[in-house]
Amino acid sequence: MHVVVLGAGYAGLTLTRLLESDLPPDVDITVVDESPDHLVQHELHRVIRRPELADEIRVSLPEVLDRATVHVARVEEINREERTVTLSTGELEYDLAAICLGARTAYYGLEGVPEHGTALKRLSHARKIRSRALEVCQSRGENGRIVVGGAGLSGVQVAGELAALAREERGAATITILEQLEAVAPGFPENFQRAVERALEDAGVDVRTGTAVTAADETHIHLESGERLPYEQFVWTGGIRGPDAFDGDRPSVKSDLRLDDRAFALGDAARVVDATGDAVPPSAQSAVREARTVAENIGRLVEAERDGADPFDPHLESFTFESPGWLVSVGDDAVAQVGPAVLTGRAAKALKSTVGVGYLSSVGAVRNAAERVSREFASNRSQ
Ligand SMILES: Cc1cc2nc3c(=O)[nH]c(=O)nc-3n(C[C@H](O)[C@H](O)[C@H](O)COP(=O)(O)OP(=O)(O)OC[C@H]3O[C@@H](n4cnc5c(N)ncnc54)[C@H](O)[C@@H]3O)c2cc1C
C-alpha cells in the first residue's frame, strides 16, 4: 500500500511524522515537496529584520523524517480518478493521498498589485522586502513610505518588523498598513484585535482600517475612496488562494477532512468546516491540528483495507478546532490571546518563544530548537 503526502508544510510534515510512527511497517509513505526543507512560515517575517534567522526557520526534511521517502519535485496535477500525481520529475501512483500544498497569494484581479506588491511566502521574498526597505530608509529617510496591504497574521507581523527595521536604520520611513475590513487581524477575537492595533500604533505604524486597495501603479496605491497613496515600497499580504494543482481553488472539506474516498485535503489548501459547523481559520495551528485527525483517519482506512472490511466506510474521526489562543509578534513586542485574556510585552514574548521552540521540537527539529534557545538566552543576557 502506498500513502502519499503532497506538501511538507505544517500540515504535511506533522502528518508524515505521525504516519511514520502509526502505520504498519509494510505501508510505503512518500512525501513530496518542491523544497528539500520545511519552512517555519510563521516566523518568516522576522528574516526581514534578522536575515541570520533564515537557517533557524529551515528544517531539512531528510533530517527529521525516518522511513518516509522524501521526493523533491513540483506537484503539477492530481488525477483523483486514476489516483496518480503528475510531478515535475515524473508520475506517482497512490492508494491514499493527503493534499497539504498550502496556499498562494491572492490578488483578486487588482490591477498592478501583482507587479508592484511583493508577496511574503518564501525566504527569497523576505530578502527582497529587506533589501528594498533598506534602500527606502537610506535614500528617502523620513519621506519614505512603505505600505503593507492586508492586516491578517502575516501583514501585521510584517508591518511590525518593517517599523522596527526603519527605527534601527534611523531611516524613520513611514510604515502604513491598509486593511479593507474595520479591524486589524480580521476574524480574530475583538480583544486580540484591539491589542494588536495598539501594539502596531505603539510601534509607530500608521494603521488604516476600512481602507480597500483597488489598484497600484509604479508610484501610487489607488484606494476605494479615490485617494492615491504615494509609496516607495509595497508589500502585499491581502489574501490567499488555493494551490495551482486545484486551479487556485481551496476545495471545501467537512470535519473528516476527506476530499473523496482516497484523498484528504487539509491546511491552507482547503476550506475546512469543523464538526461544530464553524469555518476553521487558515493558520499554522489549524494545519497542525488537522494533520492529527487525518493521521488517525488514514490509519483507520489502512486498517479497514487490511482487514478486508469495506475500505470506504470505516468510522472516521471528526475534526473540531479548539484553539488555545493566538500569538503575534509586532517588532520587539508581542500580543498573545490566551482564553479570554490578552497579554503583551514580556509575558507574550516568552509565550511566543515557548510555542516556537515547542513546534520545532514537535517536528523533530532539535538542532533548530537548540539554536533558537541559545540565541534567545544570549540576547536576554545582553539586555
Ligand atoms: C509571514 C507569515 C506569518 C504568519 N504567522 C502566523 C502565526 O503567527 N500563526 C499562525 O497560526 N499562522 C501564521 N501564518 C500562516 C501559516 O504560516 C499558514 O497558515 C501555514 O503555513 C499553513 O500550513 P500548510 O501546511 O497548509 O501550508 P504551508 O506551510 O504553506 O506548506 C505547504 C507546502 O507545500 C509545498 N508546495 C506548495 N506547492 C507545491 C507544489 N506545487 N509542489 C510541491 N510542493 C508544493 C510548499 O513548499 C510547502 O512546503 C503566517 C504566515 C506568514 C506568511
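The following legends describe close-up views of a predicted model.

**View 1. The ligand between the two domains.**
Domain 1 (2–103 + 242–381) and domain 2 (113–238) each contribute residues to the shell around the ligand, so the ligand lies between them. The shell holds 29 residues, of which Ala 11, Asp 33, Gln 41, Val 75 and Asp 268 come nearest to the ligand. By residue class, the shell divides into 14 nonpolar, eleven polar and four charged residues.

**View 2. Backbone contacts to oxygen atoms of the ligand.**
Asp 268, one of the residues that come nearest to the ligand, places a polar backbone atom 2.8 Å from a ligand oxygen atom. For Tyr 10, a backbone N or O atom lies 3.0 Å from an oxygen atom of the ligand. For Gln 285, the corresponding separation between a backbone N or O atom and an oxygen atom of the ligand is 3.4 Å. Taken alone, the ligand exposes 1,000 Å², and the protein buries 91% of that area. The elements that give two or more residues to the surrounding shell are helix H1 (10–22), helix H6 (153–168), helix H8 (284–306) and strand E23 (325–330).

**View 3. The antiparallel sheet E6-E7-E8.**
Three strands form an open sheet in the order E6-E7-E8, with antiparallel pairing. Strand E6 (75–79) and strand E8 are the edge strands, each pairing on one side only. Neighbouring strands of this sheet are turned by 20° against each other on average, direction ignored. Val 75, which is among the residues that come nearest to the ligand, falls within the range of E6 (75–79).

**View 4. The hairpin of E7 and E8.**
Strand E7 (residues 84–87) and strand E8 (residues 90–93) are joined by four bridges in the antiparallel sense. Two residues separate the strands of this hairpin. Thr 84 has Glu 93 of E8 as its bridge partner, and Val 85 is paired with Leu 92 of E8. In general, the strands of a sheet pair through backbone hydrogen bonds, either parallel or antiparallel.

**View 5. The parallel sheet E13-E12-E11-E17.**
Four strands form an open sheet in the order E13-E12-E11-E17, with parallel pairing. Strand E13 (206–209) and strand E17 (233–236) stand at the edges with a single partner strand each, so one side of each is left without a neighbour in the sheet. From one strand to the next, the twist averages 15°. Strand E11 (residues 145–149) pairs with E17 in the parallel sense over four bridges. Within this pairing, the bridge partner of Gly 149 in E17 is Trp 236.

**View 6. The successive hairpins E14-E15 and E15-E16.**
Strand E14 (residues 213–216) and strand E15 (residues 220–223) run antiparallel and are joined by three bridges. They form a hairpin with three residues between them. E15 is also joined by three bridges to strand E16 (residues 228–230), again in an antiparallel arrangement. The hairpin of E15 and E16 has four residues between its strands, and Gly 226 in the turn has a positive phi of about 100°.

**View 7. His 222 in strand E15.**
His 222 takes part in the pairing of E15 with E14 as the bridge partner of Ala 215. His 222 also stands opposite Arg 228 in E16. The residue thus belongs to the description of both hairpins, that of E14 and E15 and that of E15 and E16.

Note on methods: Residues numbered from 1 in each chain as written. Predicted model: local features only at pLDDT ≥ 70, side-chain atom pairs only at ≥ 80, totals over all residues. Heavy atoms only, no water. Pairing = 2+ DSSP bridges. Near = heavy atom within 4 Å. Polar contact = N/O pair within 3.5 Å; in protein donor to acceptor, adjacent residues only side chain to side chain. Areas by Shrake-Rupley, 256 points an atom, 1.4 Å probe, with all protein chains shown as cover. Nonpolar A, V, L, I, M, F, W, Y, C, P; charged D, E, K, R; others polar. Domains from an automatic or database assignment. Axes fitted to C-alpha atoms, helices over the stretch in contact; angles between N-to-C directions.
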